[in-house]
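Here are my notes on the model you sent. Please read them with the structure open.

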Amino acid sequence: MESIGATALRQTTFLSPLPSPPLPSNDVSSLSHFSPFLFSSRKHSAALSLKLQKQLRIGDNNVRATNWAKCSATLSDTSSETSTLADIDWDNLGFGFLPTDYMYVMKCARGESFSGGELRRYGNIEMSPAAGILNYGQGLFEGLKAYRTQDGNIVLFRPNENALRMRTGAERMCMAAPTVEQFLEAVKETVLANERWIPPTGKGSLYVRPLLMGSGSVLGIAPAPEYTFLIYASPVGNYFKEGLAPINLVIETDFHRASPGGTGGVKTIGNYAAVLKAHTAAKAKGYSDVLYLDCVHKKYLEEVSSCNVFVVKDNVITTPAIKGTILPGITRKSIIDIARSLGFEVVEQLVSVDELLSADEVFCTGTAVVVSPVGSITHMDKRTSFGDGKVGRVAQQLYTELTRLQMGIAEDKMDWLVKLK
Ligand code: COI
């Protein structure tokens, strides 16, 4: 397990535009004009965040104009604020957005390198209406999780893989990208600054969302002249409302998620906008999510809107091979390695709808989803069920192995955890 010194992070200066010194975290009422971050209720947060939008702007120019000497705070000043658990209902976390205390922001001009990243109080950002991300979708995101382990540590799961994937995506999208080291440092700072939002062991995780945006103004088609790397975080529980119970998928036959030569293999924001129509229609019909097919033959599996898919037949686990149209999931890759270490044969190749529907077991993997068993798949109005409504044997075994590792219960033999504390 890699370890980093918390001391360095404790000395980090928080450049906050909030004109308030740290206040006792249990005196919530007195904070209401200043900070939406200490409230558990979304109603409160929304109202306060609107108020904050009026009171202050945290776009770069205005932030620079702020008197830092007055507003900065150090982690050591606020250690009780950052480490006392937030007062929210930890037993009922879903995968909804809950604003946390801090976000990380770093900028870079096209052709230059990122530098000067800093933590800021979480809040809305200001951007040119002509920003590349707003006009031409020049944006990427990542998703990774921080866990509170049983023995009181805080760990990240394979964050270097997210850093590398963002760099690959940035190359495809003609964007500047932070180095792996910058990415890791920024994630670590964000997680430690939001420590009180990391759920107790076994109740969820802190979902960390790094964004890379073409933030500079551009009118004709061209890479933006400026890039912003921003990380925010939110505590999360299960992605699907089914929790760990099997989900019900529908195969989409009209819409496609990606095409050869397109951007399906990178985590660009547009890939997720493209699935909303089919996803919304499927949800309205009671399905958990949509399984997409390849757009050429219309018969090979690609992925689900939010995760990768695996098929089990006679002790062989098969998953669609990564060929540019499927996101190379970090959980996908981890599950392949875990399954092989447990003695399963794992094959990455084309998987047809027929093979899927004759499988013994089907499951999905993703950072948000973790390992999610599939209870039924509907194709052309015909529903095929798996496992009599129970979690499949293989999915259960892989889920247990992965989550025991992430929670620090099992030994980290693969060296996948990065220990922050
Ligand atoms: C993740 O699993 O982290 C993702 O990015 C999927 C997203 C749709 C929640």
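The points below go from the whole chain to the ligand site and then to single residues.

1. **Status of the model.** This is a predicted model. Please keep that in mind for each point that follows.

2. **Overall fold.** The chain contains 13 helices and 20 strands. Of its 421 residues, 54% are buried. Contacts across the sequence dominate the count: among those with a separation of 6 or more, 73% join residues 24 or more positions apart. The accessible surface of the chain is about 18200 Å². Carbon and sulfur atoms supply 52% of that surface.

3. **The annotated lysine.** Which residue does UniProt list as "modified residue: N6-(pyridoxal phosphate)lysine"? The record gives Lys267, in an unreviewed entry. Annotations of this kind may be inferred rather than shown by experiment, and I would word any text on Lys267 as coming from the record.

4. **Setting of Lys267.** Lys267 sits in a loop. Strand S11 (247-251) comes before that loop and helix H9 (269-273) after it. Is Lys267 buried or exposed? Its relative accessibility is 11%, under the 20% limit, so Lys267 counts as buried. Leaving aside residues up to four places away in sequence, Lys267 touches Gly139, Leu140, Phe141, Glu142 and Gly143. Its other contacts on that count are Arg165, Tyr272 and Leu327.

5. **The ligand shell.** Lys267 is also one of the residues around the ligand. The others are Phe95, Phe141, Gly143, Tyr207, Arg209, Tyr239, Tyr272, Ser306, Thr367 and Ala368. Phe141, Gly143 and Tyr272 thus appear twice: they are in the shell, and they touch Lys267. By class, the shell has six nonpolar, three polar and two charged residues.

6. **Polar approaches to the ligand.** Which atoms come within polar range of ligand oxygen? From Lys267, a polar side-chain atom lies 2.7 Å from an oxygen atom of the ligand. Ala368 uses its backbone: an N or O atom there lies 2.8 Å from a ligand oxygen. Thr367 also uses a backbone N or O atom, at 3.4 Å from an oxygen of the ligand. The ligand taken alone exposes 280 Å², and the protein buries 89% of that area.

7. **Asn315.** Please look at the backbone here. Phi of Asn315 is near 70 degrees, a positive value in a residue other than glycine. Asn315 lies in the loop between strand S14 (308-313) and strand S15 (316-320). Its relative accessible area is 38%, between the 20% and 50% limits, so Asn315 is partly exposed.

8. **Asp388.** This is another backbone point. Asp388 has a positive phi of about 50 degrees, although it is not a glycine. Its loop runs between strand S19 (382-385) and helix H13 (393-406). Is Asp388 buried or exposed? With a relative accessible area of 73%, over the 50% limit, Asp388 is exposed.

9. **Gln406.** Helix H13 follows the loop of Asp388, and Gln406 is found in that helix. Gln406 has 4% relative accessibility, so this residue counts as buried. What does its side chain meet? The side chain of Gln406 makes a polar contact with the side chain of Tyr147, at 3.3 Å. Besides Tyr147, Gln406 touches Thr149, Val155, Phe157 and Leu417, with residues up to four places away in sequence not counted.

Technical notes
Residues are numbered from 1 along each chain as its sequence is written. This is a predicted model: local features need pLDDT of at least 70, side-chain atom pairs count only at pLDDT 80 or more; totals for chains, interfaces and linings use all residues. Side-chain values use heavy atoms; hydrogens and water are left out. Helices (H or I, at least four residues) and strands (E, at least two) are DSSP runs, numbered from the N terminus. Buried means under 20% relative accessible area, exposed over 50%, partly exposed in between (1.4 Å probe, protein chains only). Contact means heavy atoms within 4.5 Å. Accessible areas come from the Shrake-Rupley method with a 1.4 Å probe; for residues, only the protein chains shown count as cover. A residue is near a molecule or strand if one of its heavy atoms lies within 4 Å of it. A polar contact is a pair of N or O atoms within 3.5 Å; within protein, one must be able to donate a hydrogen and the other to accept it, and residues adjacent in sequence count only if both atoms are side-chain atoms. Ala, Val, Leu, Ile, Met, Phe, Trp, Tyr, Cys and Pro count as nonpolar, Asp, Glu, Lys and Arg as charged, and the others, Gly among them, as polar.
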